[in-house]
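Open the model in your viewer and keep the sequence panel visible. The tour goes through enclosed space, then a helix, then an open pocket.

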Amino acid sequence: MRVLVTGATGFVGSRLVPELVAAGHDVRALVRDPARYDPPEGVEVVEGDLLDPDSLDGDFDGVDAAYYLVHSMGTGGDFAERDRRAARNFVDAADAAGVERVVYLGGLGEERAELSPHLRSRREVEAILADADFELTSLRAAVIVGAGSASFELVFQLVNRLPVMVTPKWVRTPCQPIAVRDVVAYLVGVLDAPETAGETYEIGGPEVLSYQQMLERTAAIAGKRLYILPVPVLSPKLSTYWVDLVTNVPRSVAHPLIHGLKNPVVVTDDSITEAVDVDLTPFDDAARTALAEYDGADQSAVDEADVDA
């Protein structure tokens with residue numbers, strides 16, 4: 001199958017491309033700057049920007065399926081407007097080229113809950129894609145654990161720099177984190193499962209944890225002592241201020257994620273397991289792998305990394 005991957009240079013996309021090649025697909029990576037992308041052997045690289053429809057001319061030609069893995073949080077300002085525009089340009093280009101299937105990785109969260117701006121935007125993008133001519137498979141995930149994930153980058157930097165944390169009370173909000181390798185396995189798996197076309201699935205790891213538990217277990221794996229004191233008076237807005245002081249995760253990424261901590265993000269329907277079999281990675285193993293990648297990287301490079309959600 002000829003597959004187009006948008007967001008090929010990102011946290012998930014960069015891991016997905018080689019796995020699609022290994023699965024026997026002909027992969028085309030859509031990137032904004034080919035000079036900054038070193039593709040795996042055999043991958044075709046095309047230049048294009050989803051915010052510039054004219055730049056997409058010919059990029060979708062001959063494509064059977066495409067992955068939508070882009071978001072605009074890191075660019076600041078009105079990320080929801082840019083994500084809305086990018087999704088519509090993607091739909092126009094894919095439908096014009098006759099793309100039959102699209103796979104989207106969005107955010108997990110209860111439909112009836114008051115979603116944060118970040119999760120509301122991810123859900124709006126999903127709706128735009130679902131209204132296209134192609135058949136959409138949506139995967140919804142919570143915190144993705146891996147080196148380069150914006151969410152896990154916050155966890156890593158906090159436990160690495162603070163022995164004591166005064167946190168909002170919703171640090172005890174339930175979450176179902178998932179290892180990035182498992183997310184990639186699901187993304188590859190649904191493409192070979194035709195019954196998943198037109199369906200939406202929730203994906204999560206084997207454990208439901210609070211954010212406090214994720215911080216404490218990551219600290220223990222890193223060999224750090226950590227004391228957490230949840231207090232009711234600390235608002236999401238105040239939380240963003242001290243996160244800005246302690247971490248170097250861009251505000252445009254960190255603030256929407258912090259405001260999303262109030263939303264429980266737990267899998268309520270595991271029907272994906274009937275279509276795609278993935279041996280789920282325990283949180284501690286996923287965190288250990290991520291920390292090992294950080295330890296193996298030059299710290300200045302980590303600090304300047306282009307994080308992805």
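In this predicted model, a search of the whole structure finds 2 cavities of 30 Å³ or more. Go to the second largest cavity, which holds about 50 Å³ of space. To display its lining, select Val 145, Pro 177, Ile 178, Ala 179, Gly 205, Pro 206, Glu 207, Thr 281, Pro 282, Phe 283 and Ala 286. Colour by secondary structure next: strand E10 (178–179) and helix H9 (283–296) are the elements that give two or more residues to this lining. Colour by residue class, and the same lining shows 8 nonpolar, 2 polar and 1 charged residues.

Now select helix H6, residues 211–221. Which of its residues are buried? They are Tyr 211, Gln 212, Met 214, Leu 215, Thr 218 and Ala 219. Turn the view to look down the axis of H6: the buried residues fall within an arc of 165°, so they line one face of the helix. Then step past the end of H6 to Gly 223, which follows the helix and has a positive phi, near 75°.

The last stop is the second largest pocket, with a volume of about 170 Å³. Select Pro 53, Leu 56, Asp 57, Gly 58, Asp 59, Phe 60 and Asp 61, which are among its lining residues. Add Asn 89, Asp 92, Ala 93, Ala 96 and Ala 97 to complete the lining. How many of these residues are charged? The lining of this pocket has 4 charged residues, alongside 6 nonpolar and 2 polar. Asp 57, Asp 59, Asp 61 and Asp 92 are in the lining.

Technical notes. Residues are numbered from 1 along each chain as its sequence is written. This is a predicted model: local features need pLDDT of at least 70, side-chain atom pairs count only at pLDDT 80 or more; totals for chains, interfaces and linings use all residues. Side-chain values use heavy atoms; hydrogens and water are left out. On a 1 Å grid over the protein atoms alone, a cavity is a set of points where a 1.4 Å probe fits but cannot get out, and a pocket is an open set with protein on both sides within 12 Å along at least five of seven lines; lining residues have an atom within 4 Å of a point. Grid points are joined across faces, edges and corners, and a volume is the space filled by probe spheres set on the points. Helices (H or I, at least four residues) and strands (E, at least two) are DSSP runs, numbered from the N terminus. Ala, Val, Leu, Ile, Met, Phe, Trp, Tyr, Cys and Pro count as nonpolar, Asp, Glu, Lys and Arg as charged, and the others, Gly among them, as polar. Buried means under 20% relative accessible area, exposed over 50%, partly exposed in between (1.4 Å probe, protein chains only). The arc is that of the directions from the helix axis to the C-beta atoms.
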